Amino acid sequence: MTGPDPILDALCPMHLRVDSNGRVIHVGPTLRKILGVAEVEGAAFFQLFTVRRPRGAGTMAALVSGARRRAKLELVRAPHTPFVAQVVPEPAGGAVIDLSFGIGLAAALGDHALTSADFAPTDLTVEMLFLIESKSAVMASALERNARLHSARVVAEEQALTDTLTGLGNRRAVDLELGRLAARRRPFVLMHLDLDHFKAVNDTFGHAAGDHVLQEIAQVLGDAIRTGDVAARLGGDEFLLILSRPPSPRALELMARRLVHRIEEPIRYRHALLSVSASVGIARHDGTGPLDRVGLFDSADAALYAAKSAGRGRVSLAPSDRTEPPVSPNRIAPHDGA
């Protein structure tokens, strides 16, 4: 036979027939689609395929004689698709060469956009296609599920570190940040704030008004910090700022006084204006030696107590942090200071 065979095309759509000189006589429909050439008849077989096995088979006679088992071919042009081939010599010369993708099926399907319609119904490739599609669906579902779980875990971790009322960090977030800073042995500052006159707001206007005040103060603190700093609510009307790149003690006092000035601005709640102030105690860790968390918080608390004892709405540094004369206790306008 020297021309197309409809039965062979149906049963082996990836076959080709060559004459004794290695010229293509006919190509099955799926292989024609892979080759991407409408008129491939007459082309030299070795211009289309590279023979990887049997080695040294550079002629059709060598390919036929050496392919007692399976041959391995590869497309000459990109994407250089590999094939497993069965070479069957014809009595009148030439051969029928039936190709399959072998274990390279998945990559080949992606390279050539083939479907089950391109293969014989009895071809195991059809079943492999089903398995590949099923695997892809399962993997897509698993990836989607993992993404949802990851998102849920991230949300849960954020919630575990967040004060639910204000959106600031909580005590656990403070502990984690202090651990990170201690591990890096970098200096940082604790700025402990306690609201003044907050109880009067709760007693006069109710707890909803108090919650509103806390949320507004949280916004002020969040606006005041820089990237790398942490603002947290410790509970009640107590807040903490962790400044990872602290300025000088004098600049710290000026910064804290500006913060107090902002907090003292009246807060509108329904038809009322609510007023609170804040006392601030500041303690510094120089980044050298182990971190004594209890001692550091005690220093900040002592400074806070000193600020409250001075008349509230004041700022105080822990005595060990004073390297310059303290700033005047008069209120500092927002445009003053560092």
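I25 is partly exposed, with a relative accessible area of 21%, where partly exposed lies between buried, under 20% relative accessible area, and exposed, over 50% (1.4 Å probe, protein chains only). This residue is found in strand β2 (residues 24-27), and its C-alpha is 8.0 Å from that of P4, although the two are 21 residues apart in sequence. The model is a predicted one, in which local features need pLDDT of at least 70 and side-chain atom pairs count only at pLDDT 80 or more, while totals for chains, interfaces and linings use all residues. Residues are numbered from 1 along each chain as its sequence is written, and side-chain values use heavy atoms, with hydrogens and water left out. Helices (H or I, at least four residues) and strands (E, at least two) are DSSP runs, numbered from the N terminus.

**The sheet that contains β2**

Strand β2 belongs to an open sheet of 6 strands in the order β2-β1-β6-β5-β4-β3, with antiparallel pairing; two strands pair if DSSP finds at least two bridges between them. β2 and β3 (49-53) stand at the edges, each with a single partner strand, so one side of each has no neighbour in the sheet. Direction ignored, neighbouring strands of this sheet are turned by 30° against each other on average, the axes being lines fitted to C-alpha atoms, for helices over the stretch in contact, with angles that run from 0 to 180 degrees between N-to-C directions. At the β3 edge, R53 has K72 in β4 as its bridge partner.

**The mixed sheet**

A second description concerns an open sheet of 5 strands with the order β8-β9-β7-β12-β13 and mixed pairing. Its edges are β8 (230-235) and β13 (315-317), each with a single partner strand, so one side of each is left without a neighbour in the sheet. The twist averages 20° from one strand to the next. The table lists strand pairs from both sheets.

| Strand pair | Sense | Bridges |
|---|---|---|
| β3 and β4 (residues 71-75) | antiparallel | 4 bridges |
| β8 and β9 (residues 238-243) | antiparallel | 5 bridges |
| β7 and β12 | antiparallel | 9 bridges |
| β12 and β13 | parallel | 3 bridges |

Individual residues place these pairs in register: V230 stands opposite I242 in β9, D194 has S279 in β12 as its bridge partner, and V280 is bridged to V315 in β13. Because 8 of the 9 residues of β12 are buried, this strand is largely enclosed by the rest of the structure.

**Helices around the mixed sheet**

Helix α9 (residues 207-224) lies across β7 (188-196), β8 and β9, and runs at about 10° to β9, contact here meaning heavy atoms within 4.5 Å. Helix α10 (residues 249-263) lies across β7, β9, β12 (277-285) and β13, running at about 155° to β12. β12, helix α11 (residues 293-309) and β13 make a left-handed β-α-β unit; a crossover is right-handed if, with the strands pointing away from the viewer, the path from the first strand over the helix to the second runs clockwise.

Helix α7 (residues 171-184) has 14 residues and reaches 20 Å from its first C-alpha to its last, close to the 20 Å expected at 1.5 Å a residue, where the expected span is 1.5 Å times one less than the number of residues. In α7, the residues A173, V174, E177, L178 and L181 are buried. Seen down the axis of α7, its buried residues fall within an arc of 130°, so they line one face of the helix, the arc being that of the directions from the helix axis to the C-beta atoms. What covers these buried residues includes β7, β8, β9 and α11.
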